[in-house]
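Open the model in your viewer and keep the selection tool at hand. The tour goes from one selection to the next and says what is there.

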Amino acid sequence: MNITTTIDGASAGISLCGEIDFDTLPPLRAAVDALPPQVTELQWDLTLTPFMDVAGLHLPFPPPPATARSAGRP
């Protein structure tokens, strides 16, 4: 997978070339985490993404904190 990030002021775009699944989710999260703090708007370009499984649904949402994951459901 190729990931390209463009930044224009407070806006950023992440373009992907390749499939999105749980193996490629960590590099995508790393691309988001690497954005500077002034970025308040993010647009995903999935034009060159031929396949995306349920992992792609996790892109717009940050992972829960480690304490929430280990606590389980009440």
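A polar contact is a pair of N or O atoms within 3.5 Å; within protein, one must be able to donate a hydrogen and the other to accept it, and residues adjacent in sequence count only if both atoms are side-chain atoms. Keep that for the stop at Thr 24.

This is a predicted model, in which local features need pLDDT of at least 70, side-chain atom pairs count only at pLDDT 80 or more, and totals for chains, interfaces and linings use all residues. Residues are numbered from 1 along each chain as its sequence is written, and side-chain values use heavy atoms, with hydrogens and water left out.

**Whole chain**

Start with the cartoon. The chain has two helices and three strands. From the N terminus, the order is β-β-α-β-α. Helices (H or I, at least four residues) and strands (E, at least two) are DSSP runs, numbered from the N terminus.

Switch to the surface. About 5300 Å² is exposed, and carbon and sulfur atoms supply 58% of it. Accessible areas come from the Shrake-Rupley method with a 1.4 Å probe; for residues, only the protein chains shown count as cover. Of the 74 residues, 23% count as buried. Buried means under 20% relative accessible area, exposed over 50%, and partly exposed in between (1.4 Å probe, protein chains only).

Now turn to contacts, meaning heavy atoms within 4.5 Å. Among contacts between residues at least 6 apart in sequence, 67% join residues at least 24 apart.

**Thr 24**

Select Thr 24, in the loop between β2 and α1. Thr 24 is buried, because its relative accessible area is 17%. Show its polar contacts. A polar side-chain atom of Thr 24 lies 2.9 Å from the backbone nitrogen of Asp 21. The Thr 24 side chain also reaches the backbone oxygen of Glu 19, at 3.3 Å. Leaving aside neighbours within four places in sequence, Thr 24 is in contact with Met 1 and Glu 19.

**Helix α1**

Select residues 25-33, which form α1. Which residues of this helix are buried? They are Leu 25, Leu 28 and Ala 31. These residues cover an arc of only 120° around the axis, so they sit on the same side of α1. The arc is that of the directions from the helix axis to the C-beta atoms. An α-helix has 3.6 residues a turn, so residues three or four places apart point the same way.

Rotate to the other side of α1: Pro 26 and Asp 33 are exposed there. Then go back to the buried residues of α1. They pack against β1 (2-8), β2 (11-17) and β3 (41-48).

Zoom in on Leu 25. Its relative accessibility is 6%, so Leu 25 counts as buried. Beyond neighbours within four places in sequence, Leu 25 is in contact with Ala 55, His 58 and Leu 59. Leu 25 and Ala 55 are 30 residues apart along the chain, with 6.8 Å between their C-alpha atoms.

**Leu 46**

Move to strand β3 and pick Leu 46. Is Leu 46 buried or partly exposed? Leu 46 counts as partly exposed, because its relative accessibility is 33%. Leaving aside neighbours within four places in sequence, Leu 46 is in contact with Leu 16, Ile 20 and Met 52. Measure C-alpha to C-alpha from Leu 46 to Leu 16: 5.9 Å, for residues 30 apart in sequence.

**Last stop: Phe 22**

Select Phe 22, in the loop between β2 and α1. Phe 22 counts as partly exposed, because its relative accessibility is 47%. Add Val 54 and Leu 57. With Phe 22, they make a nonpolar surface patch of about 310 Å². Patches are made of residues with over 30% relative accessible area and no salt bridge: like charges are joined within 9 Å, nonpolar side chains (Val, Leu, Ile, Met, Phe, Trp, Tyr) within 5 Å. A salt bridge is a side-chain nitrogen of Lys or Arg within 4 Å of a carboxyl oxygen of Asp or Glu.
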